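Here is a short note to read with the structure open beside you. Take the points one at a time and find each element as you go.

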Amino acid sequence: MNELILELTEISPREFFGQGNQNIDLLKKYFPKLKIVARGNKIKAYGDEELLEEFDRRFDMLTSHFAKYNKLDENVIERVLTSTTPSDYDAPEKSGETLVHGVSGRLIKAQTANQRKLVDAARKNDMVFAIGPAGTGKTYTGVALAVKALKEKQVKRIILTRPAVEAGENLGFLPGDLKEKLDPYMQPLYDGLRDMIPAEKLAHLIETGIIQIAPLAFMRGRTLDNAFVILDEAQNTTHAQMKMFLTRMGKNAKFMITGDPGQIDLPRRVISGLKEALLILKDVPGIEIIYLDDKDVIRHKLVKKVINAYRNIEHQK
């Protein structure tokens, strides 16, 4: 039986191995035919030479990632161990920078390779589509980019919008004025902003119109210039709504469109404006489409399992 000895020199073994050696347990799960032992700052692996070479390569990828981001968890390990090359889980250096210093000094940055690709795409293009399932950080990363642009005075305002699919008669039974009826639809956008801007300042920015959060119908007839504009839940737009929104773009504007084509709430036989736009605009210069997947899920680890379970059922239909 062949033996491979790997040593951690400039990395804390305790942090790299994880609490109770949980990261090592994950490695064992991905390399079940190897015997892996972690002691002190060394890892010993025993098994076939070919498998040991692969383990050596993956271990090097993990240590490089840890040295760069000081972070290693189940999601990161899975992305690294299931990627073909480092470019599959990493992205240009600049795109990994801190986007916003949030509330209580929280550092908000892209956490996955595709999120970093999204940051890079937004830097280079005025219109970006972020497509992927729930929990992949599409909206959150977009809001962080918008707040960053506002703080750096690249834009004068942030406009966040979503289609309220149940708007109209179905909202009538809810108490309160129109804003109070629609706020539940806008809640995920508020949640992101609250992480990044102190409550009093956020209230002031909303009150003065520097940050605007409104349903998509309110965008009709407007020209959105000097603004970072995010259309969230875009899979629930119709053809007319998407065309209307995309043609609102004014001077010095950044548009980000986020959505999950797998979660369309439109009536049957109504074509999703997002699906249509992805086909029509995929080759237009200045527009970039970034696809995120379950490797980018940064919510509870069960979210990834839920996405996979539903995908298996949907593929059988």
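The points below go from the sheet to the cores.

1. Please keep in mind that this is a predicted model.

2. Start with the sheet. Six strands make up an open sheet, in the order β8-β7-β9-β10-β6-β11, and their pairing is parallel. At the edges you will find β8 (211–215) and β11 (287–291), each of which pairs on one side only. From one strand to the next, the twist averages 15°.

3. Now look at one pair of strands. How many bridges join β7 to β8? There are five, and β7 (residues 157–162) runs parallel to β8. For a single example, find I158: its bridge partner in β8 is I211.

4. Next, add a helix to your picture. Helix α9 (residues 239–246) lies across four strands: β6 (127–131), β7, β9 (227–231) and β10 (254–259). Relative to β10, helix α9 runs at about 155°.

5. Then turn to the largest nonpolar core, which has 35 residues. Those with the most contacts inside this core are V147, L193, M196, I197, I211, I213 and F228. Which helix gives the most to this core? It is α6 (residues 138–151), with seven residues.

6. V147 is a good residue to click on. Setting aside neighbours within four places in sequence, V147 is in contact with V100, I158, L193, M196 and I197. You have met I158 already, as the bridge partner of I211.

7. Finally, do not miss the other core, which lies apart from the largest one. This other core has 26 residues, including L34, L52, F55 and I77.

Note on methods. Residues numbered from 1 in each chain as written. Predicted model: local features only at pLDDT ≥ 70, side-chain atom pairs only at ≥ 80, totals over all residues. Heavy atoms only, no water. Core = buried A, V, L, I, M, F, W, Y, C linked by side-chain atoms within 4.5 Å. Buried < 20%, exposed > 50% of the residue type's maximum accessible area, 1.4 Å probe, protein only. Helix = DSSP H or I, 4+ residues; strand = E, 2+ residues; numbered from the N terminus. Contact = heavy atoms within 4.5 Å. Pairing = 2+ DSSP bridges. Axes fitted to C-alpha atoms, helices over the stretch in contact; angles between N-to-C directions.
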